[in-house]
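The report below reads a single model through its helices, the contacts between them and the surface they leave open.

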Amino acid sequence: MSFFRLVLVSYALISILAAFNLFYACGISINSLTLIGLALAIGMLLDNSIVVLENIYRLSSRGKSPKDAVLQGTREVWKSIFASTLTTITVFLPFLFSDEV
């Protein structure tokens, strides 16, 4: 199970560094709104990762090979994770078009 934690933490750190690089490249300042957005994104990333990893663990504990567990486990939950992420993006999309913060 420690490998799963390593993967989870690695993806979280890579995502945070990518976000800060994007902020720097686009000239976006770090203010309260961007920090709240980062916290929301990190929370969603961790939540989605946990859902996928738990499903993979469930399948591997039932005797599936690691490769089959990963493929089937990801295939089983990708639609719900995509729908959840799309819903959150849709809710916060109007903020992209606002002039005032």
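What follows is a description of a predicted model, taken helix by helix and then residue by residue.

**The two helices**

Helix α2 (32-61) has 30 residues, and the distance from its first C-alpha to its last is 43 Å, close to the 44 Å expected at 1.5 Å a residue. Helix α3 (66-92) has 27 residues, which at 1.5 Å a residue should span 39 Å, and the 37 Å between its end C-alpha atoms agrees with that value. Helix α3 nevertheless has a bend of about 40° at Trp78. Just after α2, Gly63 adopts a positive phi of about 105°.

**Packing between α2 and α3**

The buried residues of α3 are Ala69, Gly73, Val77, Ile81 and Thr88, and the buried residues of this helix pack against α2. An α-helix has 3.6 residues a turn, so residues three or four places apart point the same way. In α2, the buried positions are Thr34, Leu38, Met44, Asn48, Ser49, Val52, Leu53, Asn55, Ile56 and Leu59.

Ala69, in helix α3, illustrates the packing: its relative accessible area is 0%, under the 20% cut-off, and Ala69 is therefore buried. Once neighbours within four places in sequence are left aside, Ala69 is in contact with Ile56, Leu59, Ser60, Lys64 and Thr74. Ala69 and Leu59 are ten residues apart in sequence, and their C-alpha atoms are 5.3 Å apart in space.

Met44, in helix α2, also counts as buried, at 18% relative accessibility. Leaving aside neighbours within four places in sequence, the contacts of Met44 are with Ser84, Thr85 and Thr88, of which Thr88 is itself among the buried residues of α3. The table gives C-alpha separations for three pairs of residues.

| Pair | Separation in sequence | C-alpha to C-alpha distance |
|---|---|---|
| Ala69 and Leu59 | ten residues | 5.3 Å |
| Glu54 and Gly73 | 19 residues | 8.6 Å |
| Met44 and Lys79 | 35 residues | 15 Å |

Glu54 belongs to helix α2 and is exposed, with a relative accessible area of 52%, whereas Gly73 is one of the buried residues of α3. The C-alpha atoms of Glu54 and Gly73 are separated by 8.6 Å.

**The salt bridge**

Which residue forms a salt bridge with Arg58? Arg58 pairs with Glu76, and the closest N and O atoms of the two residues are 2.8 Å apart. The pair links distant parts of the chain, since Arg58 is in helix α2 and Glu76 in helix α3, 18 residues apart. Side chains of opposite charge can pair when their charged atoms come close. A search of the whole structure finds one salt bridge. Arg58 has a relative accessible area of 30% and is partly exposed, while Glu76, at 39% relative accessibility, likewise counts as partly exposed.

**The nonpolar surface patch**

Which residues make the nonpolar surface patch? Leu40, Val91, Phe92 and Phe95 form this patch, with an area of about 390 Å². Phe95 lies in the segment after α3, and Phe95 is exposed because its relative accessible area of 54% is over the 50% cut-off.

**Overall reading**

Taken together, the two helices are joined by the packing of the buried residues of α3 against α2 and by the salt bridge between Arg58 and Glu76. The nonpolar patch, with Phe95 among its residues, belongs to the surface.

Key:
Residues are numbered from 1 along each chain as its sequence is written. This is a predicted model: local features need pLDDT of at least 70, side-chain atom pairs count only at pLDDT 80 or more; totals for chains, interfaces and linings use all residues. Side-chain values use heavy atoms; hydrogens and water are left out. Patches are made of residues with over 30% relative accessible area and no salt bridge: like charges are joined within 9 Å, nonpolar side chains (Val, Leu, Ile, Met, Phe, Trp, Tyr) within 5 Å. Accessible areas come from the Shrake-Rupley method with a 1.4 Å probe; for residues, only the protein chains shown count as cover. A salt bridge is a side-chain nitrogen of Lys or Arg within 4 Å of a carboxyl oxygen of Asp or Glu. Helices (H or I, at least four residues) and strands (E, at least two) are DSSP runs, numbered from the N terminus. Buried means under 20% relative accessible area, exposed over 50%, partly exposed in between (1.4 Å probe, protein chains only). The expected span of a helix is 1.5 Å times one less than its number of residues. The bend at a residue is the angle between axes fitted to the seven residues ending there and the seven starting there. Contact means heavy atoms within 4.5 Å.
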